[in-house]
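Work through the exercises below with the structure open beside you, and try each task before you read its solution.

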Amino acid sequence: MENIVSFVLKVASRCNLNCSYCYMYNLGDKTYLSQPKFMSMETITVFAQKLHTYCQEKKARYVQIVFHGGEPMLWGKENYKQAIEIFTTIVKDVDFGFAMQTNGVSLTHDWYKLFKELNIRVGISMDGPKEHHDRYRVFHNGKGSYEKVVKAIELGKQYGMSNILSVVNLNISPSEFYQEVKNLGVPSFNLLLPDGHYDNLPDSFEKLKVNTLHHTPYADWLIEIFEIWKTDSDRPMIRFFRTLIELIMGEQTGDQMVGRLTNGVAVLETNGALEVSDSIRACYEGITRNDLNIHTHSIDDLYNDPLFEVFFHSHNMVNDTCLTCPIYDICGGGFLGNRYSNEEGFDNPTIYCHDMIKLVSHIQNDIVNSLPDEVCASLDASEAHYEEIVEELKEISLIKAHDEIKNKLKSFSLVC
Ligand code: SF4
């Protein structure tokens, strides 16, 4: 059994922004309303004790702690000081990587100084140029947050600390988006595909067009960015592209979106509830809820949660189509939440299946065409063609998912 390596601590269950696409508050699930607003120091202490036991038992030497929310900065500076002290005192023989994902609107010099002192890496969510960012990432009074976020990013550069996380927005032209990021001068950023599934599709998808030939709006957008990026001699690191390139080159890597590794990520809610990654919440109300709580259970108990099992092994618990797909080792069937449908549960390819085939083929061909033949031969790398792969996937799959796996994937269906 592989380990949980990343714990996402929901230290605040409320937010000072009201982003329209937020999976916490505006998609599918309202159970946050019954949560305490903030995580208590008692919960942090109990979690640290259980984490110490977990790491000793699993012989884990590294753990990532991600402070998240809601908006994690609502938790206050003193809480961060105390929490880091508790972790580093109670959990022995473990190296920590502390990180925070924030909307950035409250970041000041003092906050950055504190994060530097506590060794907490800061990631800021940002959605491109002002006009677009302000359409989605708004305060509760409807006012956009762009100016404050840009100020926070600028400030962060002085501390060597700001990384940007953006959700792909097809309404922004790729060149405009890339230029915006370049203007901000950050060393790295990451791109996320929007949350959504077959029965709650992102804005740009029509139900009948999902995974139909040449309907690949996300691949087309990302390929345009890729083309600009690769010719930029002073390019920032784009994590999504880097991961895909590493996977194409045969490296064993990946994350919740791609690759074949296990998803060693768990969430601790403000009340101590121990759950699966919260972006799965966009599937339906309460899907991540279970009866596990750090005050009454061990971290190991999470392995018995049926949703956690599917999430943890999601790149190996896939449907028949993915098993026969030539790019399965790279795509990994996609992010679990993007595979959901009310009818089939998680027994589907991702809604971005065609986009992934086209994007991966494009990057793979780019790599193959830039390498000498003998290197390609040693890597067993050859050109991939979107149309051919799509045709191949139309054939009846000869490889079938094991019945037990299929039943587990389907068990989350809302249709009896
Ligand atoms: S590209 Fe589609 S069929 Fe292939 S692994 Fe990804 S989701 Fe599955």
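**Exercises on a predicted model**

**Exercise 1.** Find how the residues in the lining of the second largest pocket divide into nonpolar, polar and charged.

*Solution.* The lining of the second largest pocket in this predicted model is made up of 11 nonpolar, seven polar and six charged residues. As a next step, consider the space itself, for which the computed volume is about 520 Å³. Among the 24 residues that line this pocket, those closest to its centre are L247, I248, G250, D329 and I330. Turning to the elements, helix 8 (239–248) and helix 11 (328–331) are the ones that give two or more residues to the lining. Finally, at the level of domains, domain 1 (6–312) and domain 2 (320–410) each supply at least three residues to the lining of the second largest pocket.

**Exercise 2.** Determine which residues have the most contacts inside the largest nonpolar core, and where this core lies with respect to the two domains.

*Solution.* Begin with the core, which holds 132 residues, and in which F7, L9, L51, I65, F67, F87 and F346 have the most contacts. Since domain 1 (6–312) and domain 2 (320–410) both contribute residues to this core, it lies between them. Then take L9 as an example: when its neighbours within four places in sequence are left aside, its contacts include I65, F67 and F87, as well as M39 and L268. As general background, nonpolar side chains in soluble globular proteins tend to be buried together.

**Exercise 3.** Locate the cis peptide bond that involves G70, and then examine the positive phi values of N211 and D380.

*Solution.* Recall first that most residues other than glycine have a negative phi, and that most peptide bonds are trans. The cis bond joins G69 and G70, with an omega of about 25°, and G70 belongs to the loop between strand 2 (62–68) and helix 2 (77–90). N211, although it is not a glycine, has a positive phi of about 55°, and N211 sits in the loop between strand 6 (188–192) and helix 7 (217–230). For D380, also not a glycine, phi is positive at about 55°, and D380 is placed in the loop between helix 13 (373–379) and helix 14 (386–394).

**Exercise 4.** Decide whether D380 and Q49 are each buried, partly exposed or exposed.

*Solution.* The relative accessible area of D380 is 72%, and because exposed means over 50%, D380 is exposed. Q49, in helix 1 (residues 41–58), has a relative accessibility of 42% and therefore counts as partly exposed.

Methods: Residues are numbered from 1 along each chain as its sequence is written. This is a predicted model: local features need pLDDT of at least 70, side-chain atom pairs count only at pLDDT 80 or more; totals for chains, interfaces and linings use all residues. Side-chain values use heavy atoms; hydrogens and water are left out. Helices (H or I, at least four residues) and strands (E, at least two) are DSSP runs, numbered from the N terminus. Buried means under 20% relative accessible area, exposed over 50%, partly exposed in between (1.4 Å probe, protein chains only). A nonpolar core is a set of buried Ala, Val, Leu, Ile, Met, Phe, Trp, Tyr and Cys residues joined through side-chain atoms within 4.5 Å. Domain bounds come from an automatic or database domain assignment. Contact means heavy atoms within 4.5 Å. On a 1 Å grid over the protein atoms alone, a cavity is a set of points where a 1.4 Å probe fits but cannot get out, and a pocket is an open set with protein on both sides within 12 Å along at least five of seven lines; lining residues have an atom within 4 Å of a point. Grid points are joined across faces, edges and corners, and a volume is the space filled by probe spheres set on the points. Ala, Val, Leu, Ile, Met, Phe, Trp, Tyr, Cys and Pro count as nonpolar, Asp, Glu, Lys and Arg as charged, and the others, Gly among them, as polar.
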